[in-house]
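Subject: Structure handover

Hi,

Here is the structure I said I would pass on. Have a look at it first, then read my notes underneath.

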Amino acid sequence: MKKTLRYLYLACVYLFLYIPILILVIYSFNDSKYSTNWQGFTLSWYTQLIADGPLMEAFVNSLVIAFASSVSATILGTLGAFAFYRYRFPGRKVMYTFIYIVMMSPDIVMGISLLMFFIILGMETGALTLLLAHITFCLPFVVVTVFSRISGFDRNIIDVAKDLGATELQMFRHIMLPMLMPAIIAGWLLSFTLSLDDVVVSFFTTGPYFEILPLKIYSMVRLGIKPEINALSAVMFLLSLITVTVAHLVTKENR
Amino acid sequence: MESLPIVRLQGVTKRFDDVCAVDSLDLDIYQGEFLTLLGPSGCGKTTVLRLIAGLETLSAGEISMNGSRLNGTPPNKRNVNTVFQSYALFPHMTVFENIAFGLRLKQSDKQAIRHQVSEALDLVKLSGLENRRPHQLSGGQQQRVAMARAIVNKPQVLLLDEPLSALDYRLRQEMEIELKRVHRQLGITFVFVTHDQEEAISMSDRIAVMNEGRVEQIGTPIKIYEEPENMFVARFVGEINVFDGHVVNVNNGSAVVDIHGQLFPVQNRKKAGTGDKVRVLLRPEDIQVTRDADKNGGPALSGKVDEVIYKGKTVDLVISLDAGETINVTQFFNEDQEDLVYGEGERVHVDWLYGWEVIL
Ligand SMILES: Nc1ncnc2c1ncn2[C@@H]1O[C@H](COP(=O)(O)OP(=O)(O)O)[C@@H](O)[C@H]1O
Ligand SMILES: [Mg+2]
């Protein structure tokens, strides 16, 4: 009895999470432009999507920015977390706290402050400023993810590696990196997702000539939801499903 | 023991902020010996090892190896390897990869590496476990991997930081013997750290007793146990009974000490003069117990048996002397000698053979 209740509860949670997505995916195959009634199966929204030049361009832009910013943030964040762990320097604690502050500060504050920063620097908003902004808000997530794993390590492991003849670089490459890999992948995944669906910060930091998907969809939706967007969302859902599965398999292999 | 030390520590000092972990310590370590640093937790043993390994920087003093100064040489350039207290195996590597780690950094001949690793595995009796991961090994096996990982690099000096402290009693005894065997087979210098005096005594060629960052006494286990140079060493290395007394008479090499009115002749190693206050120290097994005072004819202290603890090979007695002290006595049990078995509350007299005492 208790067991069935527990499963029922679990089922409810998952249904709550996934029913909207499921409905969206189903309607992306619905042969009707406006109706929410099922009118028959079609792939035409997908073909229209591919044919929609500006939308596809925004999609590709988004992927490029998400990829570039998540990779950069992952590299910088991993090195940062390692530095916080390995080296004792003045202001270390304060700096680590500031990482949290960046993570917790509202997107709108971040967006505006970055915009002002770019204006002061005299940078024209566009792909580059967008990339920098995305790296900035992804970075703390990587640092925190990697640091939480690294701080669980036996400190002597570093000393052992050095004792056995490794230079600092060899120690990082052969010991730290493989041991941190699951956290690095998790941090990268998080960054990729955060970057891909960011609206607020991107709104302030990209220019008129560099459109990205979330902003594009946002402006399109104001004119009503087109089934084309359902199709696009379904594709993106599939993409994230693949990414998560791959990441899971990779980290599993590692242990 | 050769004349020239392989590692020499001179005035070695290490301060962490406000604590002085190692305090101008001098120590010579000789080729091929099994030297133990023995001391209570927090006395700086680990820090000394880390200084030798190059994992900490000296605050003052100098460490030299084979006659050349090591100050500033990074750990990866020292011909020294360490077995850490926590083992610190690389969790993402197999046993083979763990052991091969050091070799792979220095050479690329796969065949030679394979050969050396299997040799090391043989030495620690772990052959066949090459492909296990650390978490699939027992504590004792992890310990052996940590050993193999260090010795495969053929260091001149192997540093071992309380390598047995995490093992249970039986396994520890087994590993003590193993460790001695490995030491004999390799013929390299071992610097072993422990806070366990029994371990130190049964394994070492020499023991350096440490306290608060300094060496209190250094010598063979027998010297350390039988002729402690100060109260710290006496108390730390095994149980000991202390009697306060004063010298009433000296004549070449001997002295007579008054303890609670009884006049005991003792060997005057300390060269005390008449009237000096001295402490007479006696190990529990060096004290004799008799039922009647006159049996040995000499001076004796009287008291009453408080507790009798039968330990198989020995019987331990706790005796409270009429003068107030409580002393511990260990008697080697002998079934033919029924009169060794004292009852609680029984009145006894204690004394010892001339020369078995230590005076400080
Ligand atoms: N990295 C460190 N930072 C600050 N204090 C330390 C550090 N390492 C050791 N100490 C201090 O130095 C003293 C000696 O420590 P240690 O060498 O580990 O002792 P042992 O190994 O004999 O138990 C202790 O008081 C310890 O707290
Ligand atoms: Mg220690």
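Below are my notes on the A/B interface, the salt bridges, the ligand and one helix.

First, the ground rules. This is a predicted model, so local features need pLDDT of at least 70 and side-chain atom pairs count only at pLDDT 80 or more, while totals for chains, interfaces and linings use all residues. Residues are numbered from 1 along each chain as its sequence is written, chains are lettered from A and ligands numbered from 1 in the order in which they are written, and side-chain values use heavy atoms, with hydrogens and water left out.

**Where A meets B**

On the chain A side, 18 residues are in contact with 25 residues of chain B (contact means heavy atoms within 4.5 Å). The area buried between the two chains is about 1,700 Å², and carbon and sulfur atoms give 64% of it. Buried area here is the accessible area (1.4 Å probe) that two parts lose on being put together, summed over both. Three residues stand out: Val160(A), Asp163(A) and Leu164(A) supply 37% of what chain A buries against chain B, more than any other three residues.

Between the chains I have seven residue pairs in polar contact, both residues at pLDDT 80 or more. A polar contact is a pair of N or O atoms within 3.5 Å; within protein, one must be able to donate a hydrogen and the other to accept it, and residues adjacent in sequence count only if both atoms are side-chain atoms. Two elements of chain A give two or more residues each to the side that touches chain B: helix H7 (156-163) and helix H8 (168-196). H7(A) gives the most, with seven residues. (Helices are DSSP runs of H or I with at least four residues, strands are E runs with at least two, and both are numbered from the N terminus.)

The A side of the interface divides into eight nonpolar, six polar and four charged residues. For that split, Ala, Val, Leu, Ile, Met, Phe, Trp, Tyr, Cys and Pro count as nonpolar, Asp, Glu, Lys and Arg as charged, and the others, Gly among them, as polar.

**A closer look at H7(A)**

How many residues of H7(A) are buried? Eight of its eight are, where buried means under 20% relative accessible area, exposed over 50%, and partly exposed in between (1.4 Å probe, protein chains only). The buried residues of H7(A) pack against helix H3 (53-86) and H8 of chain A, and also against helix H1 (45-53), strand S6 (80-83), helix H2 (95-106) and H4 of chain B. After H7(A) comes Gly165(A), with a positive phi near 110 degrees.

**Salt bridges**

A salt bridge is a side-chain nitrogen of Lys or Arg within 4 Å of a carboxyl oxygen of Asp or Glu. By this rule there are 23 over all chains, and one between chain A and chain B. That one pairs Arg50(B) with Asp159(A), at 2.8 Å from N to O.

Within chain A, Lys162(A) forms a salt bridge with Glu168(A), the closest N and O atoms being 2.9 Å apart. Lys162(A) is buried at 13% relative accessible area, whereas Glu168(A) is partly exposed at 23%.

In chain B, Arg69(B) and Glu62(B) meet at 3.0 Å, N to O. Arg69(B) is exposed at 52%, and Glu62(B) is partly exposed at 24%.

Also in chain B, Glu178(B) and Arg144(B) form a salt bridge at 3.0 Å, N to O. Glu178(B) sits in helix H5 (residues 169-186) and Arg144(B) in helix H4 (residues 139-151), so the pair ties together parts that are 34 residues apart in sequence. Glu178(B) is buried at 12% relative accessible area, and Arg144(B) is buried at 12%. Elsewhere, salt bridges that share partners join Asp23(B), Glu212(B), Arg214(B) and Glu216(B) into one network.

**Ligand 1**

The residues around ligand 1 (a heavy atom within 4 Å) include Phe16(B), Ala21(B), Pro40(B), Lys45(B) and Thr46(B). A backbone N or O atom of Gly42(B) lies 2.6 Å from a ligand oxygen atom, and one of Cys43(B) lies 3.2 Å from a ligand oxygen atom. From Thr47(B), a polar side-chain atom lies 2.5 Å from an oxygen atom of ligand 1.

Over to you!
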